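Visitor: I should like to learn how to read a structure such as this one. Could you guide me through it?

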Amino acid sequence: NVLVIGACGQLGLELTAALRQRYATEAVVAADVRAPQDPQALAGGPFELLDVLDKPRLDALVQQYKPVQIYHLAALLSATAEKDPMFAWKLNMDGLLNVLNAAVQYQVPQVYWPSSIAVFGPDTPREHTPQLTVMNPNTVYGISKLAGEQWCEWYHRHHGLDVRSLRYPGLIGYKSLPGGGTTDYAVDIYHKAVAGQDFECFLKPDTYLPMMYMPDALKATLDLMHAPAESIKVRTSYNLGAMSFSPQEIATSIRQEMPGFEVSYKPDGRQAIADSWPASIDDSAARRDWGWQPEFDLPKMTHDMLAHLREPVVA
Ligand code: VAH
């Protein structure tokens, strides 16, 4: 069995579907603190209500399903976390520690936990940000991800736990609506374009951020988790890149297919978060250790996103 915690989130919905394709649907247990909004989203496979802060409930599920892998995705993202720092720290940190302890206690062979480019801060080199560099995150989310990376490395060193992690860039997919992320303008912009609405962007037009199309993020996650343990040299979290673009570049790529699409810019508090993050990532360690290679660039992603969002919703 495989247990996905936070299965109803932006990444969770897609990763659960990808895991159910790769293994048997029945073998992938989706868990989240609330049932999915769209009952169809996780249909067909087992679903369990789980608040990852409820350690006895987590332990009971781990003992019941005896997972060979746990994907722990539940967290508050950057913008949301800034609005509720103490709960964000509790969920992001205690949630991770509950999972790491359960994995050691019940000998779970592998754990996956997502980190983020948010672990970098304003004094980190912004172009081709290295795997090892200055890291002074100034968001609650970034602080929790940096601390979480160090805990993962500690559990690997002290308990031999095979926990693996990726520093995701902004992730863009068509299966879920934008969440509380600073990069989520790049999800919302496609929904507005397909709905024939103009888009008001909460970042400046020339704000470059590292981004990745969801299929690439899913491929990277499964490639990492299936690489031989001896090839994994980074036990904090791997830098992972695919492309970087600005709001005006993604708007231009959409206009190639939708000429009349208009975008206005009204930066808000999320601009400061975006300005503290890198503009591009050096992911040579991931390419060296387990053969990382992205497939989607901006034109290819835009074409695929618009095609999927235009598909009539299957009733
Ligand atoms: C966020 N989408 O914006 C997430 C991600 C790198 C960004 O961590 O918070």
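Guide: Let us begin with two helices of this predicted model. Helix 1 covers residues 10-22 and helix 7 covers residues 214-226, and their axes lie 10 Å apart at an angle of about 60 degrees.

Visitor: Which word describes the orientation of helix 1 to helix 7?

Guide: The two helices pack at about 60 degrees. Angles under 35 degrees count as roughly parallel, and those from 65 to 115 as roughly perpendicular. The angle here falls in neither range, and helix 1 is therefore oblique to helix 7.

Visitor: Is the crossing of helix 8 and helix 11 left-handed or right-handed?

Guide: Helix 8 spans residues 247-255 and helix 11 spans residues 298-310. Their axes come within 9 Å and cross at roughly 60 degrees, which makes helix 8 oblique to helix 11. As for the hand, this crossing is right-handed.

Visitor: How many charged residues are in the shell around the ligand?

Guide: The residues surrounding the ligand include L77, I117, Y141, G170 and W277. The shell divides into six nonpolar and six polar residues. The number of charged residues is thus given as none.

Visitor: What percentage of the ligand's accessible area does the protein cover?

Guide: Consider the polar contacts, for which the cut-off is 3.5 Å. Ligand oxygen atoms lie 2.7 Å from an N or O atom in the side chain of S78, 2.9 Å from a polar side-chain atom of S116 and 2.7 Å from a polar backbone atom of T182. On its own the ligand has 270 Å² of accessible area, and the part covered by the protein is 95%.

Technical notes. Residues are numbered from 1 along each chain as its sequence is written. This is a predicted model: local features need pLDDT of at least 70, side-chain atom pairs count only at pLDDT 80 or more; totals for chains, interfaces and linings use all residues. Side-chain values use heavy atoms; hydrogens and water are left out. A residue is near a molecule or strand if one of its heavy atoms lies within 4 Å of it. A polar contact is a pair of N or O atoms within 3.5 Å; within protein, one must be able to donate a hydrogen and the other to accept it, and residues adjacent in sequence count only if both atoms are side-chain atoms. Accessible areas come from the Shrake-Rupley method with a 1.4 Å probe; for residues, only the protein chains shown count as cover. Ala, Val, Leu, Ile, Met, Phe, Trp, Tyr, Cys and Pro count as nonpolar, Asp, Glu, Lys and Arg as charged, and the others, Gly among them, as polar. Axes are lines fitted to C-alpha atoms, for helices over the stretch in contact, and angles run from 0 to 180 degrees between N-to-C directions. Helices (H or I, at least four residues) and strands (E, at least two) are DSSP runs, numbered from the N terminus. Angles under 35 degrees count as roughly parallel, over 145 as roughly antiparallel, 65 to 115 as roughly perpendicular and the rest as oblique. A crossing is left-handed if the near helix is turned anticlockwise from the far one by less than a right angle, and right-handed if clockwise.
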